[in-house]
Amino acid sequence: MQTEISPTPVGLTRDAGWQLGVSRTVAAPASDVWRRLLGEWLPQWLGVESVPQMVGAPVRDGARIRGRVVGCHVGRRVRLRWTPVTLDHETVFQVTLQEAATGTTIGIHQERLLGAAERQGLLEHWTSTLDGLVDSIAGESPIRHDLPN
């Protein structure tokens with residue numbers, strides 16, 4: 001007698017619960033993307049004042065602590081324990097940058113999600129967020145360094 005093993009649903013892990021991953025490549029150098037990621041995009045995306053680059057530093061929304069930095073490789077990756085405003089529990093959120101032939105690949109990974117529905121909602125959110133970022137960067141005029149004639 002054979003026992004049928006059911007496949008694990010996409011996004012479900014044994015150790016981290018439900019997780020998701022989204023990545024997009026933007027036409028910009030990694031150093032520029034990192035600077036804007038920490039200075040503009042992440043604070044806006046996460047609803048916090050800033051995202052420090054020091055392990056253990058709190059991530060705040062006003063007086064309220066929304067998470068902590070649990071890992072940072074400057075210029076490459078930042079990992080947080082973070083409680084989104086829309087959820088009542090902590091997740092682990094990570095953004096990575098990797099140089100690509102056409103610019104920089106931004107990867108978002110979020111884990112410790114509570115179920116398939118929560119995963120799907122956040123997957124759609126982060127996909128839309130990164131698609132919007134790609135479109136926004138594509139629409140920016142490149143900086144010209146022409147010398148006057």
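# Notebook: a sheet, two helices and a ring cluster

**Entry 1. The sheet.** I looked up the sheet and found it open, with six strands in the order 1-6-5-4-3-2 and antiparallel pairing. Its edge strands are strand 1 (18-26) and strand 2 (58-61), each of which pairs on one side only. From one strand to the next the twist averages 20°. I note here that the model is a predicted one. As a reminder to myself, strands of a sheet pair through backbone hydrogen bonds, either parallel or antiparallel.

**Entry 2. Strand 6 and its neighbours.** I went through the pairings of strand 6 one by one. On one side, strand 1 and strand 6 pair in the antiparallel sense over nine bridges. Within this pairing I found Val22 opposite Ile108 of strand 6. I then turned to strand 5 (residues 91-100), which runs antiparallel to strand 6 and is joined to it by nine bridges. Strand 5 and strand 6 form a hairpin, with two residues between them. I noted two of the bridge partners: Ala100 is matched with Gly103 in strand 6, and Phe93 is matched with Gln110 in strand 6.

Is strand 6 largely enclosed or largely open? I checked burial: eight of its eleven residues are buried, so strand 6 is largely enclosed by the rest of the structure.

**Entry 3. Arg112.** I picked out this residue for its backbone angle. Arg112 lies in strand 6 (residues 103-113). Its phi is positive, about 70°, although Arg112 is not a glycine. With a relative accessible area of 37%, Arg112 is partly exposed, because it falls between the 20% limit for buried and the 50% limit for exposed.

**Entry 4. The helices over the sheet.** I looked up which strands each helix lies across. Helix 1 (residues 30-46) lies across strand 1, strand 3 (64-73), strand 4 (77-82), strand 5 and strand 6. Helix 1 runs at about 155° to strand 5. Helix 2 (residues 116-139) lies across strand 1, strand 4, strand 5 and strand 6. The angle of helix 2 to strand 1 is about 10°.

**Entry 5. Ala30.** Ala30 is a residue of helix 1. Its relative accessibility is 11%, so Ala30 counts as buried. What does Ala30 contact, leaving aside its neighbours within four places in sequence? I found Arg76, Leu97, Glu99 and Thr104. I also looked up a C-alpha separation: Ala30 and Glu99 are 69 residues apart along the chain, and their C-alpha atoms are separated by 6.3 Å.

**Entry 6. Thr91.** I moved to strand 5, where Thr91 is found. Thr91 has 0% relative accessibility and counts as buried. Not counting residues up to four places away in sequence, Thr91 touches Leu80, Arg81, Trp82, Pro84, Gln110, Glu111, Arg112 and Leu113. Arg112 from Entry 3 is in this list. I also found a polar contact of 3.0 Å between the side chains of Thr91 and Gln110. Gln110 had come up in Entry 2 as the bridge partner of Phe93.

**Entry 7. Aromatic pairs.** I searched the whole structure for aromatic pairs and found five. A pair of aromatic rings is described by the distance of the centres and the angle of the planes.

I wrote down two of the pairs. Trp41 and Trp45 are stacked, with 6.4 Å from centre to centre and 10° between the planes. Both sit in helix 1, and because they are four residues apart they are separated by about one helical turn. Trp41 counts as buried at 7% relative accessibility, and Trp45 counts as buried at 15%.

The next pair I noted is Phe93 with Trp126, whose ring centres are 5.1 Å apart and whose planes are at 45°, so the pair is tilted. This pair links distant parts of the chain, with Phe93 in strand 5 and Trp126 in helix 2, 33 residues apart. Both Phe93 and Trp126 are buried.

Which residues do the ring pairs link into a cluster? I listed Trp41, Trp45, Trp82, Phe93 and Trp126. Trp82 I had already met among the residues that Thr91 touches.

Note on methods:
Residues are numbered from 1 along each chain as its sequence is written. This is a predicted model: local features need pLDDT of at least 70, side-chain atom pairs count only at pLDDT 80 or more; totals for chains, interfaces and linings use all residues. Side-chain values use heavy atoms; hydrogens and water are left out. Buried means under 20% relative accessible area, exposed over 50%, partly exposed in between (1.4 Å probe, protein chains only). Two strands pair if DSSP finds at least two bridges between them. Axes are lines fitted to C-alpha atoms, for helices over the stretch in contact, and angles run from 0 to 180 degrees between N-to-C directions. Contact means heavy atoms within 4.5 Å. A polar contact is a pair of N or O atoms within 3.5 Å; within protein, one must be able to donate a hydrogen and the other to accept it, and residues adjacent in sequence count only if both atoms are side-chain atoms. Rings of Phe, Tyr and Trp (its six-membered ring) pair if their centres lie within 6.5 Å; planes under 30 degrees apart count as stacked, over 60 as edge-to-face and the rest as tilted.
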